[in-house]
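Trainee: I have a structure open in front of me and would like to work through it step by step. Could we take it one question at a time?

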Amino acid sequence: MENKNKEQLILDTKERLKIKRHDMPAQNSAKRVQNFKEVSIGYLIEDAIEEAKRCIDCKVPYCIQGCPVSIDIPAFIKLIEKGDFLGAAKKIREKSSLPAICGRVCPQEDQCEKVCTIGRRKDSTSVAIGNLERFAADYEAEHGKNNNISYGKNLYDKKIAIVGAGPSGLAAAGELRQKGYRVSIFEALHEVGGVLIYGVPEFRLPKSILLREVQILKDMGVEIFTNVVIGKTITVDELLNEKGYSAVFIGTGAGTPKFLNIPGEELNGVYSANEFLTRVNLMRAYDMNEYDTPMKCGKTLVVFGAGNTAMDAVRTGLRLGYSDARIFYRRSRNEMTARLEEIHHAEQEGIRFDFLINPVRFIGDEKQNLKQVECERMELGEPDESGRRRPVPIKGSEFIADVDAAVIAIGTNVNPIVPSSTSGMDLNKWGYIIADEKTGKTTKKGVFAGGDIVTGAATVILAMGAGKNAADAIEQYLKTNIW
Amino acid sequence: MYEIIENKSIGEGVNVYKINAPDIAVKALPGQFIILRVHKKGERIPITIADIDKNAGCITILVQTLGKTTHLLSELKAGDELADLVGPLGIPSEIENFGTVVCIGGGFGIAAVHPIAKALKNAGNDVISIIGARRKDLLLMENEMRSASSGLLIATDDGSYGTKGFVTDILKRLIVDDKKNIIRVIAIGPVPMMKAVSDFTKKYNIKTIVSLNPIMIDGTGMCGACRVLIGGQTKFACVDGPDFDAHQVDFENLVNRQKFYEDEEKSSYECHRKEHHNF
């Protein structure tokens with residue numbers, strides 16, 4: 001083994017560059033659309049070591065800068081190359097408390113892998129950093145029971161309340177517990193995970209993975225209270241003034257679904273993506289023999305939107321049994337915001353993408369159930385404020401399509417419950433909480449916020465990064481009492 | 001954690017549940033609701049709070065057994081626990097001293113209108129309550145409503161108790177014959193009743209509030225299943241309501257949306273009865 005390791009380490013850059021990227025093995029697409037099991041199967045040990053060899057350990061590791069939580073990517077990859085998989089996982093955990101999740105849901109192509117030196121070379125593709133992260137985390141879960149996870153300790157008496165058990169809250173809780181604080185998480189739903197439990201489907205992030213990460217937090221001594229709606233059951237002010245918490249972190253997420261505001265949207269069969277996904281994910285409506293929440297199925301499903309949520313919804317529809325599940329998007333392929341892998345997987349599964357199409361009205365039958373949607377075709381005009389070319393309707397291009405269900409996946413507005421029930425905390429013009437970008441400090445003393453409730457809908461890793469940064473700032477605040 | 005303190009059948013498939021929920025009781029205000037799950041694979045169902053006992057730390061709800069979930073709930077005994085209970089949800093009813101107000105409860109709606117009538121009376125209003133049911137034996141909470149009101153009027157469809165006819169008949173008498181200076185009407189009950197009340201008060205330009213109960217999942221504004229049309233605008237009953245200005249409500253849409261899963265609900269109940277009761 002030792003000789004072999006030595007041999008690997010002296011591999012020169014030229015040889016490393018010759019190795020082709022190892023794609024993530026996946027369930028066969030024809031088979032996987034009939035189940036809700038995870039699509040990506042994960043690397044075998046050999047795949048992982050070979051892929052790790054592709055990292056040339058360059059002098060300026062841009063990948064670290066590309067990572068929202070600054071994981072020492074070359075270091076963990078070298079540990080995988082050496083066969084020290086538990087060491088690799090530990091290295092990742094120095095910066096990220098949820099590696100098995102991030103390895104699965106991060107948009108790596110826009111972050112670490114986007115700036116990877118190898119990937120920027122002609123005719124070459126970046127190191128599969130996300131796949132390697134997932135490999136290390138899964139290996140740890142299987143083989144390294146409690147692998148060096150530094151267990152929480154009570155160094156301080158001060159208690160911190162975390163509002164929302166989604167990515168930012170879980171990350172903040174883990175960090176603060178490791179620092180030695182007492183931490184309580186308050187979650188409105190009956191299960192923990194936020195968007196990771198109600199939004200991201202089983203086939204992309206198995207619930208067992210989430211539960212594993214949550215169990216680690218519980219083992220560390222983080223208290224979790226489900227079924228508590230902060231702002232209703234208890235307010236943020238009460239947490240600070242009556243319940244003995246010295247600081248509060250608000251990570252309540254993106255909030256409330258946007259609708260198109262077109263005629264017929266109130267018809268049965270028109271869903272928000274959140275409702276469609278919540279029924280299937282949180283409430284397990286895909287298994288109606290076992291679970292009580294109902295779900296309809298028909299032949300044609302159209303999802304409006306082209307982000308990750310739209311991909312999740314359309315692929316969920318396919319698995320529920322819709323024989324024709326498709327995307328209608330008002331812009332073109334280039335403007336799609338979903339992760340590349342999700343788009344590829346959707347295409348492999350037979351999802352049809354129709355671009356430059358905008359819905360105008362929904363049409364119902366005599367029972368007010370959706371039966372058709374009228375759309376218009378679009379063309380791209382001048383760039384809008386997002387820098388993307390604005391879609392403009394083409395006159396006379398209207399057409400009607402038969403549909404059994406429509407899912408609207410065009411984003412979210414702020415959820416009013418926490419902002420409107422908290423005193424002295426400033427909000428921006430859209431109602432999101434104003435918080436310092438680096439520290440998460442709000443305008444209310446002792447209250448920090450991060451994730452989608454501050455930025456509007458973004459990604460899991462950005463929310464986690466915000467939770468982590470806020471944890472550092474909370475520690476600073478509790479030690480100095482300086483606001 | 002969410003212990004049933006009392007489960008009492010009051011006939012015709014209706015049960016009164018007292019639930020130990022100190023955190024909810026201390027916060028709950030009239031017009032708010034809770035969401036519960038009976039078991040770990042169960043659905044989330046929203047139920048309006050019928051009474052609040054802040055000292056004892058418990059809430060009362062009335063539930064009619066209509067399907068699998070409510071049937072499972074009806075089988076729970078004192079000492080049993082719910083899988084989940086969350087609340088209080090929704091915006092509380094507007095309670096002020098308006099003057100003379102009429103609180104109307106139809107069938108099940110009586111349970112929901114009760115805490116509102118009580119609070120309005122405490123706020124100094126002259127509360128005239130009208131409660132109605134199909135028959136005398138289906139009339140709920142008569143005594144509670146009597147003590148929550150300055151005056152109580154009763155209607156039954158078949159005339160077996162009180163006035164024969166509908167709650168709207170009595171309302172009409174109050175407005176047209178007695179020429180009461182009614183400032184506000186609160187009407188909670190089956191959608192056709194709320195619509196009938198709304199249509200009537202609109203003619204007389206009397207502000208009318210109804211409490212809407214569409215299908216709901218999370219109850220915190222996240223999913224949008226409970227959207228209702230208010231003055232042509234999409235609103236969420238869970239965070240913008242459940243109380244709305246009756247004259248702005250699209251009742252037809254509400255009824256259609258409530259019925260969407262009727263078939264699934266029926267077949268789920270039938271399966272459940274076959275499996276567990278060999279009907």
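Trainee: Which residue with a positive phi follows helix 16 of chain A?

Mentor: Please keep in mind from the start that this is a predicted model. When you leave helix 16 of chain A, you come to a residue whose phi is positive, near 95 degrees, and that residue is G350(A).

Trainee: Where on helix 16 of chain A do the buried residues lie, seen down the axis of the helix?

Mentor: Within helix 16, which covers residues 340-348 of chain A, the buried residues are E342(A), I343(A), H345(A) and A346(A). Seen down the axis of helix 16, these buried residues fall within an arc of 165 degrees, so the place they line is one face of the helix.

Trainee: Against which elements of chain A do the buried residues of helix 16 pack?

Mentor: Having found E342(A), I343(A), H345(A) and A346(A) to be buried, we can ask what lies against them. The partners, which also belong to chain A, are helix 3 (29-32), helix 15 (308-320) and strand 9 (352-355).

Trainee: Is D57(A) buried, partly exposed or exposed?

Mentor: D57(A) sits in the loop between helix 4 (45-52) and helix 5 (62-66) of chain A, and its phi is positive, about 55 degrees, although D57(A) is not a glycine. Its relative accessibility is 46%, and because buried would require under 20% and exposed over 50%, D57(A) counts as partly exposed.

Trainee: What is the relative accessible area of N481(A)?

Mentor: N481(A) belongs to the segment after helix 19 (460-480) of chain A, and it is a residue other than glycine with a positive phi, near 60 degrees. N481(A) is partly exposed, and its relative accessible area is 48%.

Trainee: Which residue makes a polar contact with R184(B) through its side chain?

Mentor: R184(B) is placed in strand 13 (residues 182-188) of chain B, and with a relative accessible area of 8% it is buried. Leaving aside residues up to four places away in sequence, R184(B) touches several others, among them F98(B), T100(B), I206(B) and E94(B). The side chain that joins that of R184(B) in a polar contact of 3.3 Å is the one of E94(B).

Trainee: Which residue follows G241(B) across a cis peptide bond?

Mentor: The peptide bond after G241(B) is cis, with omega about 10 degrees. The residue that it joins to G241(B) is found in the loop between helix 7 (237-240) and strand 17 (243-245) of chain B, and that residue is P242(B).

Trainee: In which strand of chain B does P88(B) lie?

Mentor: A cis peptide bond joins G87(B) and P88(B), and its omega is about -5 degrees. Looking at where P88(B) falls along chain B, we find it within residues 84-89, which make up strand 8.

Trainee: How much area do chain A and chain B bury between them?

Mentor: The contact involves 43 residues of chain A and 42 residues of chain B. Of the area buried between the two chains, 53% is on carbon and sulfur atoms, and the amount is about 3,600 Å².

Trainee: Which residue of chain A meets K68(B) in a salt bridge?

Mentor: The count of salt bridges between chain A and chain B is four. In one of them the distance from N to O is 2.7 Å, and the side chain that meets K68(B) is that of D292(A).

Terms used: Residues numbered from 1 in each chain as written. Chains lettered and ligands numbered in written order. Predicted model: local features only at pLDDT ≥ 70, side-chain atom pairs only at ≥ 80, totals over all residues. Heavy atoms only, no water. Contact = heavy atoms within 4.5 Å. Buried area = accessible area lost by both parts, 1.4 Å probe. Helix = DSSP H or I, 4+ residues; strand = E, 2+ residues; numbered from the N terminus. Buried < 20%, exposed > 50% of the residue type's maximum accessible area, 1.4 Å probe, protein only. Arc of directions from axis to C-beta. Polar contact = N/O pair within 3.5 Å; in protein donor to acceptor, adjacent residues only side chain to side chain.
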